[in-house]
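Trainee: I'm new to this structure and would like a close look at one part of it. Could you choose a part and walk me through it slowly?

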Amino acid sequence: MDNQTIMLAAIAVSMLIGVISLIIAINANARYKKLYRQYDYFMRGKDAETLEDYFVDLQKHVEDLEVEDQKNKDMMRILNKNIRASFQKFGMIKYNAFGGMGGNMSFTMAMLDYTNTGFVINSVHSREGCFLYIKEVDAGTTEVELGAEEKLALEQALGYREKDQ
């Protein structure tokens, strides 16, 4: 290789490096201008004192939100506790206690809370009157034997049986 070829190769490499440097410089300048515009927008009309007040107000706002968040969490705990204690499962069966009376005038109803604790109430309608019986349910079971309709109502409340349409 002669000197002229080496010089041309060196010039080409130098030009390539120059073009790459120019592209990098243009990109850096564009990013700088964008960052400066954002800074200028942020600082517009503010001096160090007003900026400090802004951050103090922002910190107070965050602290207020943290207090409100804690209140909301406490209220959610109370609501969750109340919901678990309320009756939320229900089953009802209507039936004809005595054939020939006409219509399903008797019914049994089961009401349970989150822990499947509650009661089964049975209203038996006859010609002589209406009789009401209640049996306690604890964790889905009773100490007293249930009648057929009472079992069906309890199964509905527990979700073992679909409600009649």
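Mentor: Happy to. Helices and strands here are DSSP runs numbered from the N terminus, with at least four residues (H or I) for a helix and at least two (E) for a strand. Two strands pair if DSSP finds at least two bridges between them. The model is predicted, so local features need pLDDT of at least 70 and side-chain atom pairs count only at pLDDT 80 or more, while totals for chains, interfaces and linings use all residues. Residues are numbered from 1 along each chain as its sequence is written, and side-chain values use heavy atoms, with hydrogens and water left out.

Let us look at the sheet. It is an open sheet of 4 strands with antiparallel pairing, and the order of the strands is 1-2-3-4. Strand 1 (89-95) and strand 4 (130-137) form its edges, each pairing on one side only. On average, neighbouring strands are turned by 10° against each other, direction ignored; such angles run from 0 to 180 degrees between N-to-C directions, with axes being lines fitted to C-alpha atoms, for helices over the stretch in contact.

A helix belongs in this picture too. Helix 3 (residues 148-158) packs on the sheet, where it touches strand 1, strand 2, strand 3 (118-125) and strand 4; here contact means heavy atoms within 4.5 Å. The direction of helix 3 makes about 150° with that of strand 1.

Which residues of helix 3 are buried? They are Glu150, Ala153, Leu154, Gln156, Ala157 and Leu158. Buried stands for under 20% relative accessible area, exposed for over 50%, and partly exposed for values in between (1.4 Å probe, protein chains only). Strand 1, strand 2, strand 3 and strand 4 are among what covers these buried residues. Just after helix 3 comes Gly159, with a positive phi near 90°.

Now try following the strand pairs. Strand 1 and strand 2 (residues 106-112) run antiparallel and are joined by 7 bridges. If you find Tyr95, you can look across to its bridge partner in strand 2, which is Ser106.

Is Ser106 buried or exposed? Ser106, which lies in strand 2, has a relative accessible area of 1%, so it counts as buried. Setting aside neighbours within four places in sequence, the residues in contact with Ser106 are Ile93, Lys94, Tyr95, Ala97, Ser123, Val124 and His125.

Ser123 is a handy place to step onwards, as it stands opposite Leu132 in strand 4. Strand 3 and strand 4 also run antiparallel, and 8 bridges join them. The hairpin that these two strands make has 4 residues between the strands. Within that hairpin, Gly129 takes a positive phi near 155°.

Next, the turns and loops around the sheet. Most residues other than glycine have a negative phi, and with that in mind two loop residues deserve a visit. Asn116 is in the loop between strand 2 and strand 3, and its phi is positive, near 60°, although Asn116 is not a glycine. Ala139 is another non-glycine residue with a positive phi, near 55°. You will find Ala139 in the loop between strand 4 and helix 3. With a relative accessible area of 55%, Ala139 is exposed.

One more loop leads into the sheet. Phe87 lies in the loop between helix 2 and strand 1. At 43% relative accessibility, Phe87 counts as partly exposed. How far apart are the C-alpha atoms of Phe87 and Met111? The separation is 6.0 Å, although the two residues are 24 residues apart along the chain. Not counting residues up to four places away in sequence, Phe87 touches Met111, Leu112, Asp113, Thr117, Gly118 and Phe119. Of these, Phe119 is buried, at 19% relative accessibility.

To retrace the walk on your screen, start at strand 1, an edge strand, and cross from Tyr95 to its partner Ser106. From Ser106, go to Ser123, one of its contacts, and then to Leu132, which Ser123 stands opposite in strand 4. Finally, turn the view to see helix 3 packing on the sheet.
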